[in-house]
Amino acid sequence: MRLAYGCMGLGSATPTPKSDEVDRADAAVTTAYEIGIRLFDHADIYGGGSAETAFGQVLARHPGLREELEIQTKCGIVIGGAEGGNAYDLSQEHVLASVDGSLDRLGIDHVDRLLLHRPDPLTSPTAIADTFDALAAAGTVRAFGVSNMDAAQIAHLRTAVRRPVDVNQVELGLHHRDLLEAGVLVNHPDATAYAPVAGTLDYCADHAITVQAYGPLAQGRFTGQPRGAEDEATARLVDRYATALGATPEAVVLGWLLKHPSEIVAVIGTTDPGRIRACATAEQVAEAMTRDQWWSLWTAARGKPMP
Ligand SMILES: NC(=O)c1ccc[n+]([C@@H]2O[C@H](COP(=O)([O-])OP(=O)(O)OC[C@H]3O[C@@H](n4cnc5c(N)ncnc54)[C@H](OP(=O)(O)O)[C@@H]3O)[C@@H](O)[C@H]2O)c1
C-alpha cells in the first residue's frame, strides 16, 4: 500500500484530548486501517503533542493494533524556539528528549522510524550519527529518515551516519510540484525557482530512499476546496477523469502522484472518514491513468504549457 496516514489533524487545542476528540481520531485511524493503510505518520509538535496522545489512546482502545502498524514520528522543530518564530534543533539532547516524549504520549516502547523534521545547520552529521546510534542501541527507534531535505543535504548526512536513511518526507503533489518541475525545466529560465531541489527524486531513487509525499491531496484544492480560478479549472479536469476512470476525484489526485515510477508514498492528512475512503483506490487509478491524462493534469495545475 503506497498510502500512509498523516496524523497532524488528530490533535486538539488542549494537551489532553477530550473523549470526543479521541472518538474522532479513532474514526480516522480505523477508516485508514480499513482501506489498508498500516503506516502512520506523527511529529512531536502535532497539536502540541496532543495528536500523539490521541493516537496513543486509540491504540489503547484496540489491543493488538500497535503490532500491525508501522508508527513513525518526527523531531527537531521547536515551535517558538526563536524570537519571532520557530527554530530547528537536532542536538542529541533535544532529539533524545523528543523521542522519550513521543513514546510516552503514544504509549509505546519504540517507534518504527524517526524522521529529522527539518535540517538544523548547527548540528553536524557526525553528531546526528551518534544520536542515531544511541537511539538504536536503546531500542527506542528501529529506522531513520529525514524530511524537507534536498539531495545534497542527504548526501552530506550520509557521509557520517552509520545506519540507513530510508525515507525523505517532502511536500509533493499535483499542487506542490517543485521536485517534479525541477526535472523538466533543466536549462530553462523558470528553473531557478526549483534549482535547490533538482535531482532530489533521482537521488532518493538511486539510494533506496522512499519519498513520502505530504500534502498529496493539496488540502482539497482540486476536490472541493478550490482557492482560486486555476484550482477550479484543474478540479474540473480531475472530475472529468474521475468519471472516465470510474474513480473518486481524491483517487485521481493521488493517482497522478503515485504514477511516478519512483514508488512515492502519499501521506494523506484528511480526518474525514468519507474522504479517507475516497483515497482507497489511488494505486489502481495510477495504473489506469493514461499518459495523456497525466500530462494534462500537470499542465492544468501549473497553469501554463510545458516548455
Ligand atoms: N514533514 C513535514 O514537514 C510535514 C508538513 C505537513 C504535513 N506533514 C504530514 O503530512 C500529512 C498530510 O499533510 P496535509 O494534511 O497537508 O495533506 P492533505 O492530505 O493534502 O490535506 C489534508 C488537509 O486538507 C483538508 N481538506 C479540506 N478539504 C479537503 C478535501 N476536500 N479533501 C482533502 N482534504 C481536505 C483536510 O481537512 P479535513 O481533515 O477536514 O478533511 C486536512 O486538514 C500530515 O498529517 C502530516 O502527517 C508533514
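This briefing describes the surroundings of a bound ligand and of several individual residues. The structure is a predicted model. The ligand sits in the largest pocket, where 26 residues surround the ligand. The residues treated after the ligand include Ile268, which lies in strand 10, and Arg302, which belongs to helix 13.

**The ligand and its pocket**

- Among the 26 residues around the ligand, those that come nearest are Asp41, Gln219, Gly269, Thr270 and Thr271.
- The side chain of Thr270 offers an N or O atom that lies 2.5 Å from an oxygen atom of the ligand, while polar backbone atoms of two other residues also approach ligand oxygen, that of Gly6 at 3.1 Å and that of Met8 at 3.2 Å.
- Taken alone the ligand would expose 890 Å², and the protein buries 84% of that area.

**Strand 10, helix 10 and the loop between them**

- Ile268, a residue of strand 10, counts as buried because its relative accessibility is 0%.
- Apart from neighbours within four places in sequence, Ile268 is in contact with Leu3, Ala4, Tyr5, Gly6, Ile37, Pro216, Leu217, Leu254, Ile276 and Cys279; one of these, Gly6, also has a polar backbone atom 3.1 Å from a ligand oxygen.
- Ile268 and Gln219 are separated by 49 residues in sequence, and their C-alpha atoms are 9.3 Å apart in space.
- Helix 10 is mostly covered, with nine of its 10 residues buried; these are Glu250, Ala251, Val252, Val253, Leu254, Gly255, Trp256, Leu257 and Leu258, and Leu254 is also one of the contacts of Ile268.
- The loop that runs between helix 10 (249–258) and strand 10 (265–268) holds Glu263, which is exposed because its relative accessible area of 52% is over the 50% cut-off.

**Two residues with positive phi**

- Most residues other than glycine have a negative phi.
- Glu263, by contrast, has a positive phi, near 60°.
- Asn187 is likewise not a glycine and has a positive phi of about 65°; Asn187 is located in the loop between helix 7 (178–184) and helix 8 (200–206), and with 81% relative accessibility Asn187 counts as exposed.

**Arg302 at helix 13**

- Arg302 is found in helix 13, which spans residues 291–302, and with a relative accessible area of 11%, under the 20% cut-off, Arg302 is therefore buried.
- The side chain of Arg302 is joined to the side chain of Glu181 by a polar contact of 2.8 Å, and a polar atom of the Arg302 side chain also lies 2.8 Å from the backbone oxygen of Pro305.
- When residues up to four places away in sequence are not counted, Arg302 touches Arg177, Glu181, Leu185 and Pro307.

**Arg38 between helix 1 and strand 2**

- Arg38 has its place in the loop between helix 1 (19–34) and strand 2 (39–41), and its relative accessibility of 31% means that Arg38 counts as partly exposed.
- Although Arg38 and Leu69 are 31 residues apart in sequence, their C-alpha atoms are 4.9 Å apart in space.
- Leu69 is also among the contacts of Arg38, which, with neighbours within four places in sequence left aside, are Tyr33, Glu68, Leu69 and Glu70.

Key: Residues numbered from 1 in each chain as written. Predicted model: local features only at pLDDT ≥ 70, side-chain atom pairs only at ≥ 80, totals over all residues. Heavy atoms only, no water. Helix = DSSP H or I, 4+ residues; strand = E, 2+ residues; numbered from the N terminus. Buried < 20%, exposed > 50% of the residue type's maximum accessible area, 1.4 Å probe, protein only. Contact = heavy atoms within 4.5 Å. Near = heavy atom within 4 Å. Polar contact = N/O pair within 3.5 Å; in protein donor to acceptor, adjacent residues only side chain to side chain. Areas by Shrake-Rupley, 256 points an atom, 1.4 Å probe, with all protein chains shown as cover. 1 Å grid on protein atoms, 1.4 Å probe; cavity = no way out; pocket = protein on both sides within 12 Å on 5 of 7 lines; lining within 4 Å. Sits in = over half its atoms within 2 Å of the grid points.
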